Structures are given as structure tokens and as C-alpha cells.
Amino acid sequence: MYELVGVSAAYTVDNRTLNVIDDLTLTLADGEFTALLGPSGSGKSTVLNMLAGFLPPTHGTVRYNGADIYALDEAARAEYRNRSIGMIHQSFNLIPEFDAVTNVAVPLLIRGVPRREAMTSAELSLESLGVLTRAWHRPSQLSGGEQQRVAAARALVTGPDVLLADEPTGNLDRASTAEFLNLIGRIHARRQITIVIATHDETVAAAASKRVAIGGCP
Amino acid sequence: MSALVLFILRSHRARAFETARQVVVLAVVLGLTLYMAALWPALRLANTAPADAATWDVWINGPLTEEILSEIEQLAGSDTRAVAINGAPTAAVGIDGTMRPNSRDVWYFSTDNIEALDDTPWSGAFRKSGRIVSTGQCGLDMATARDLHADIGDTITFQVDIPLPDGTVERVSQTAEVAALYETTRYPSGILAELRPDVAALLAESLGEGVVASDVYLTNPGGEGALLSRIGDALAERPVSILTRSVYVADSYRAADASVDSGYMTALIVAGLLVYFVWTLREQYIRFGSRQRSIAILHSLGLPLPPVTRALATEQALIGVFSAAPGLVLANWMVRRALGYGVQAEIALPIVAGLCAVVLATVVVTAWQSARALGRLPVAELLARD
């Protein structure tokens, strides 16, 4: 369970401080499918980055299962990212030097899983998302939809408790978006993991069981 | 294999040409620096040696009998280095060290090539065997020896056909270990092989009645020129020509000249090392820039950053080794080529140690720079980038 208590976040641009999130308090229960909804620049990604442990809040605390994420040291926070969360980004963020299956195996390799075992798990993950036939292709050889599926396979290969997705359909066409939402819905139904999607798209947000407006949106 | 190592290896495979180019450039820079460091003292010697020689050396040319040599020996004293040769300018029986008229040394030198031996009265007198088997002739000046892959310490065998005054030829075989003869004079450095007394006696006999040498070279670094001038004056009435007289040059002038040269040499070497250092860090900076998004992705997947710093430093160390080793080989090859042209260049150990220190410094700076850059890695920003 996530608890954001009185969280604020600010960026400094050209010596000016921009308050992106101001005193946000939010609870995300285990197994909940939440959509953070808001226009561009409203701070959805900022919230997601704070949940992922990349961005310490300027005020307030971010707790995961009762522990303040930013009170952890760097190694513990890295382990939290590796073991507890999976992340999907709008730009997929696949490593261009690796083929699809190696990209998916990376979180397991970081965890210290032997390479052969990690590759087998990665193949299974790709198979479950219907892109096993593209396992040995580089990201540049995959379509946007395929890249997003590979990114999802990578996010799920470790069996995380939480899936964070930042505008995951931003670079997909309508058909791929529908396919992706269908996939996320199936994952949620099957695994009952906590899913948090940041989106500005009402149709994407509609797939979630809970909607949280960020930046004053309904 | 960890994800990080796999990533670094794959990134090099993807940019194999770039990596190879970096290593080649660094190797060439290091090689040239080493070569420069080795060559400079030799060039300095080449530039200043004629002046030094004019200052300190005397070349006495003419039929030299034992009587004349004894006179020279008495005038020269024990601290004078002398070499006496006989026959034509290119083939000689010599004396190394203080004057020893009954020398047992054989010395051949030629500034041109081994074929020059054919033009001498000793044509056909020297044959080689053992390691030196390619041309049927043997030259023992430094350049020729290098061409023949004969190093100091090698054992060579001469087969000497000695023409005697009665027209007969005495053939004698002799095996000898090659040793250095000269170090710093204007005359070509030679390699010395020692003959048996019976061979030396036969050679002396072949010179003609009473003549034991045709030329004598004298050098006396501590003599300040006066002693050698006196020898020249003493021999003025003899049937020999004094081709070089000593001229006094103050020690202070020579020391100042040497220090200016050493300043140039240091500046050149420092410049070479600086180029290597800056180029290395520039390449490392570019490499890091092209990888930082991938590193951010790995970090977002749970990779802690300290191992990244260690991996990048290790990578830099390997690049250092893979560029330094060929650099050393390249420099060594060029130095040997220089030796082939009679330039006595040598790669000094302190210079190699200095280069190792610079390679190590690039590793340390890389580690420090990487740790700093990774500490400020804008992970969220990099992950949001399209």
C-alpha cells in the first residue's frame, strides 16, 4: 500500500521555482487499479517518479507498506525498485543494445538470477504477452505496440507487487492502445497487483477502478 | 554475467569501430610519446656530438708503428679512451680502452651498408654463422648488426681469411660474443668481438713491417682538451695527419646546453602525455553521454549506481592497457628502426613508468568523474525523454 502524506514537489527552471505538486495526500491500496488523470504538466509523472523512488518530495513523505521510501539508502531503494515495482514508460525505454529477450531479462540479471534462468523467464514473459516471435529483435526493429509489450513483459517478469505506467499509450495508435488496455486489464484481473497509470487520456483512465485528478482536473 | 557487464560489452560491440578507433588513436599517441622520449636524447647527441667530438677527440691517421702508439699511450695517460684501427677506413684491427698496441680486438664498421666490406682489403675475410646466416657477410657496426638481428650478447662465428705478405691466405675460424664498443662519440657505434691471440698476431703480421694500425681515435672527457692538444702537437713531426684537434669549451656552456635540451625533451613528453590524458577523458566523456540514458534505464530497473562507477573505471583501465601495450610495441618497433639507421634510441624505464602513471591517472579521474556524474544523473528526465 502506498501512502503519500502532504507531498509537495517543485522544479527549478531558470532560477524560478515551479510548484508542481502541492500538499498531496493520497492512499493507494494493494491490488487497486488507479489512474492519475490530468493534463500535461499537471504533475502526474512527478507523482509516479516519487512512487518509483526517483524523485524525493520537497515536503511530505512517500510510504510503501509503511516504510518511507526516501528514508531508505540508495542500495535499499534500488532493491525496492527491482523487487517491488515494474515500470512502463511512454517512450518504452528499452535498451537499444539489447534484443527484446535480453531487455526483459535485465531486472532478473540485476537481481543476480543466472543468465540461462533469466532468459528462460524472459521468454515466458514475452510469450505471455504475445511477442515471443520478436524475442531476438532489437528495439529498433519492433513496432511501437511491440515495444510497449516488451516493456510490459520486462515490468512483469520479476512478479512485482506494483506496476507503474507513465502515459503508456502516448506513443501508440488507437488499435494498439485498445490492445494494451485490454492487456493491462487481464494482468490486473489475473495477478491482482497494484497498478498506477498516469494519463491524460479519459479512455485510458476509464479502464481503471479508481481515478485521481492531479492538477485540479476532475 | 551481470546486466551491467553485458550492457558494456554489447555497447562496445555495437560501436566496435568507434572503440577500435579510440584504442588505435590512444596507442599511436602513447607510441609516439614513448618514441619521442626515446629518440630525443639520441637526437640531442647527434646534434651536439660533433661539437663534443671537436672538443675532445683526435683522429690520428697514417701508418702507425708500435713506437708511435707507445708514444701516444704515454702522452694520453690511463684515463684516455682510445681505439686504434688498421687497414682501410672500413675494416680494422682495433684497440679498445687504454692503448694496447697488441690488441686482440677486431672491429668492422661502416656507415653505409654491409656491401661496403666488398670494397675493402678485407673483402671476404668475414663470414658469419650461427644466428647470422642470411647474407654471407658480417657487419658489426650497430646499424648493420641490427639489420642482421645480432644483439649484444649474441654469439657469432667469424671465418677469417687472412692474406699474408707472402701471398698466401690463412683461414681462421673464431667464435665470439658480441659486445658494445662505443657509446657516445661522433663515430658510428660498433659492436666488438674479441679474437684469439693467434688470429690477432696473423692480422698484425699482414699489415706490413712494423705497422700495427692505420688510425687512432682518442677521447678524454675529463681532459678539458689540453692533453689531447698536446698529443696533437707532439705528433706534428710524425708522418701522420691529425685530423681533429681539441678545442676547449667550458663545462658551464655544455651543462647549460644540456639543460636546455632536457627542458625541450620534458616539454615534448609532457605534451604527449597531456594529449593522451585529455583525449582519453574526452572519449570517456562522450561515451558516458551516449550511455547515460541506458544507465538511467538500468538504474530504474534496480541497478545501484556504485557498481556502475566501478565498471566504468575498470573499462577505462582495460582501454588504457589495450592502448598502452600496442603503444609500447609500436614505440619499440620505431626505436629499433631508428637503431637500424644508426640512431641509438632507447626506451627508458622511468618514461614507461611515467606513462603507466598517466594511464592510472585516467582511471582514477574516470572513476571520480563517473561517480560525480552518476550522483547527478537526472533519471526521471532521461526516462521521460522520447
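This report describes, for a predicted model, the contact between two chains and two residues with an unusual backbone angle.

## The contact between chains A and B

The contact draws 23 residues from chain A and 23 residues from chain B. On the side of chain A that touches chain B, the elements that contribute two or more residues are helix H1 (44-52), helix H2 (74-84), strand S6 (85-89) and helix H3 (100-111) of chain A. Of these, H2(A) supplies the largest share of that side, namely six residues.

Sorted by class, the side of chain A that touches chain B consists of twelve nonpolar, six polar and five charged residues.

## Two residues with a positive phi

Most residues other than glycine have a negative phi. Against that background, A:Asp23 deserves a look, since this residue is not a glycine and yet has a positive phi of about 55°. A:Asp23 is part of strand S2 of chain A, which covers residues 16-28. Is A:Asp23 buried or exposed? A:Asp23 has 11 other C-beta atoms within 10 Å, and because a residue with 12 or fewer counts as exposed, A:Asp23 is exposed.

A:Glu167 is likewise not a glycine, and its phi is positive, at about 45°. This residue is found in the loop of chain A that lies between strand S7 (162-166) and helix H6 (174-191). For A:Glu167 there are 22 other C-beta atoms within 10 Å, and because 20 or more are enough for a residue to count as buried, A:Glu167 is buried.

Terms used:
Residues numbered from 1 in each chain as written. Chains lettered and ligands numbered in written order. Predicted model: local features only at pLDDT ≥ 70, side-chain atom pairs only at ≥ 80, totals over all residues. Contact = placed C-beta atoms within 7 Å. Helix = DSSP H or I, 4+ residues; strand = E, 2+ residues; numbered from the N terminus. Nonpolar A, V, L, I, M, F, W, Y, C, P; charged D, E, K, R; others polar.
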